[in-house]
Amino acid sequence: MNQNETPLFTGLKKHVGKKPTQFHIPGHKAGKGMDEEFRQFIGENALSIDLINIQPLDDLHHPQGMIREAQELAAEAFGADYTFFSVQGTSGAIMTMIMSVCQPGDKIIVPRNVHKSITTAIILSGAKPVFIHPELDDRFGISHGITPEAVQRACEAHPYAKGVLVINPTYFGITADLKKIVDIAHSFDIPVLVDEAHGVHIHFHERLPLSAMQAGADLAATSVHKLGGSLTQSSVLNLREGLVSHERVQTVMSMLTTTSTSYILLASLDTARRHLAINGRQMVEKALHLAEMARNEINKIPSLYCPGIEILESEATYDYDPTKVIISVKNLGMTGYDVEVWLREHRAIEVELSDLYNILCIIAPGDREEDIQLLTEALMELSQTCSSTYEHKEVAVKVPEIPVLSLTPRDAFYASTEIVPLRKAVGRISAEFVMVYPPGIPIFIPGEIITEENISYIHENIEAGLPVQGPEDDTLETIHVITEQRAFK
Ligand SMILES: Cc1ncc(COP(=O)(O)O)c(C=O)c1O
């Protein structure tokens with residue numbers, strides 16, 4: 001196969017080059033019938049390929065032509081047997097993975113610090129989660145992955161589980177020993193499903209952790225749009241055949257996918273794959289160099305700490321991706337969120353995420369040395385401002401306990417519920433998700449028992465200005481809990 005080719009993008013350009021008279025949707029007809037300001041802003045080229053699955057353009061639901069060829073090239077580039085394009089983000093690919101292997105009542109082994117798309121898929125499929133507690137890092141207040149030992153114990157206790165789900169790497173770039181986890185799960189004939197939302201690039205450089213396909217995993221939902229250069233919302237689902245059938249995956253993917261698939265997104269996947277396959281290593285090399293530069297400079301700034309390889313000190317932290325620059329700001333006397341806002345307001349710098357103790361900056365091939373310099377200069381100025389304003393103090397990092405699951409998420413989601421004030425919800429079973437987004441990892445999921453400690457953690461996040469979301473009541477004054485049956489009237 002020739003990775004220089006882009007069958008889908010080239011096919012689209014060829015089609016629009018014929019200037020067909022279109023009596024089909026979309027009704028804007030290459031932009032001629034749409035709002036003028038938007039048309040001019042987006043540009044004619046993009047609008048000309050905003051098409052639907054008309055005959056020459058193939059169909060994502062049953063690919064036989066240019067989409068199929070593009071997916072085959074992607075499979076070769078990602079080291080997979082099959083690659084499925086997703087126009088519904090990695091969330092869509094994750095739901096497909098889980099719903100392809102789990103039927104109602106089946107068990108799935110998952111870390112508790114998963115993205116909400118995983119809990120959503122568990123609710124929709126009716127699977128029963130067997131949660132493995134991730135390792136919590138109280139130096140930074142973040143959770144890492146799961147250990148091979150924990151997976152071994154979970155597989156022994158639940159040998160008929162239908163999948164082991166692993167986050168590789170985490171949002172903060174940390175990986176467990178995925179190869180070892182795959183070997184353990186496979187010794188029980190259990191497929192390994194990988195949330196690779198933050199790791200599309202790791203496949204393309206030997207200094208980065210093993211990708212899901214390199215480690216022998218069965219399925220991987222991979223965000224090409226996050227770090228691989230395609231447009232937002234476009235992702236891939238990679239499959240290694242053996243324990244999971246590609247026909248089943250295609251069927252489930254199709255069930256969960258819009259019938260109006262965007263060719264702009266699909267073409268961006270086709271071209272991002274070409275760029276990664278041909279230039280991926282060199283692009284990652286550049287990002288690694290810039291990240292090292294940033295780390296060195298930030299570590300010279302008083303009260304800031306940007307961990308490198310020393311973050312790897314346990315079984316759950318086997319390897320890491322240095323392009324995820326975690327900056328611990330707790331000793332500045334400010335929360336991560338305050339630092340995020342300060343950078344936005346004073347220097348027009350936007351970070352990837354902030355939490356109570358850290359900010360996370362993602363370094364990617366699109367960055368330049370000047371950008372790193374702007375960041376480090378801004379942080380230096382902030383540190384100087386803080387040292388004259390705040391007293392230096394060591395902050396104790398709190399990471400809340402993971403609540404106990406007392407009902408399956410599906411049973412809780414569909415149970416009869418009542419609304420109670422959040423402050424009075426201690427001991428009740430939550431029927432809703434509550435999470436800070438980003439990163440979108442739930443503090444509660446439906447079915448978990450609400451604790452005092454977790455309510456305080458929610459309030460602390462709200463007070464710090466962090467985006468806590470999930471419940472129907474977006475003021476978070478109240479929450480839906482499962483109705484309690486009373487023995488007496
Ligand atoms: C760990 C993790 N998994 C999955 C997703 C979902 O990806 P997407 O936004 O492409 O649906 C995200 C998004 O932030 C994520 O952080």
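In which segment is Asn4 found? The exercises below work through this and related points on a predicted model.

**Exercise 1. Place Asn4 in the chain and relate it to Asp371.**

Asn4 is found in the segment before α1, the helix that spans 7-17. The next step is its surroundings: with a relative accessibility of 48%, Asn4 counts as partly exposed, because that class lies between 20% and 50%. Finally, compare sequence with space: Asn4 and Asp371 are 367 residues apart in sequence, and their C-alpha atoms are 30 Å apart.

**Exercise 2. Determine how many disulfides the structure holds, and examine Cys306 and Cys386.**

Begin with the whole structure, where a search finds zero disulfides. Cys306 is in no disulfide, since the cysteine sulfur nearest to its own, that of Cys361, is 8.4 Å away, whereas a disulfide requires two cysteine sulfur atoms within 2.5 Å. The same test applied to Cys386 gives a distance of 16 Å to the nearest cysteine sulfur, again that of Cys361, and Cys386 is likewise in no disulfide. Accessibility comes next: Cys306 is buried at 1% relative accessibility, and Cys386 is buried at 4%. As for position, Cys306 is found in the loop between α11 (263-298) and β11, and its C-alpha atom is separated by 8.3 Å from that of Asn296, ten residues away along the chain.

**Exercise 3. Describe the second largest pocket by its volume, its lining and the elements that contribute to it.**

The volume of the second largest pocket is about 280 Å³. Its lining consists of 15 residues, and those nearest its centre are Pro63, Arg68, Gln71, Tyr82 and Gln250. Two or more lining residues come from each of α4 (66-78), β1 (82-86) and α10 (246-255), and the largest share, four residues, is that of α4. Sorted by class, the lining has seven polar, four charged and four nonpolar residues.

**Exercise 4. Identify the residues that come nearest to the ligand, and list the distances from its oxygen atoms to side chains.**

There are 13 residues around the ligand, of which Thr90, Ser91, Asp195, His198 and His225 come nearest. For the individual distances, take the side-chain N or O atoms in turn:

- In Ser91, such an atom is 2.6 Å from an oxygen atom of the ligand.
- In His198, the distance to a ligand oxygen atom is 2.6 Å.
- In His225, the distance to a ligand oxygen atom is 2.7 Å.

**Exercise 5. Locate the cis peptide bonds that precede Pro26 and Pro169, and give their omega angles.**

The bond that joins Ile25 and Pro26 is cis, with omega about 5°, and Pro26 lies in the loop between α1 and α2 (36-42). The bond from Asn168 to Pro169 is also cis, with omega near -5°, and Pro169 is placed in the loop between β6 (163-167) and β7 (174-175).

**Exercise 6. Compare the phi angles and the settings of Lys19 and Gln233.**

Lys19, a residue other than glycine, has a positive phi near 45°; its place is in the loop between α1 and α2, and at 69% relative accessibility it counts as exposed. Gln233, also not a glycine, has a positive phi near 95°, lies in the loop between α9 (224-227) and β10 (235-239), and is partly exposed with a relative accessible area of 43%.

Terms used:
Residues numbered from 1 in each chain as written. Predicted model: local features only at pLDDT ≥ 70, side-chain atom pairs only at ≥ 80, totals over all residues. Heavy atoms only, no water. Buried < 20%, exposed > 50% of the residue type's maximum accessible area, 1.4 Å probe, protein only. 1 Å grid on protein atoms, 1.4 Å probe; cavity = no way out; pocket = protein on both sides within 12 Å on 5 of 7 lines; lining within 4 Å. Points joined across faces, edges and corners; volume = space filled by probe spheres on them. Nonpolar A, V, L, I, M, F, W, Y, C, P; charged D, E, K, R; others polar. Near = heavy atom within 4 Å. Polar contact = N/O pair within 3.5 Å; in protein donor to acceptor, adjacent residues only side chain to side chain.
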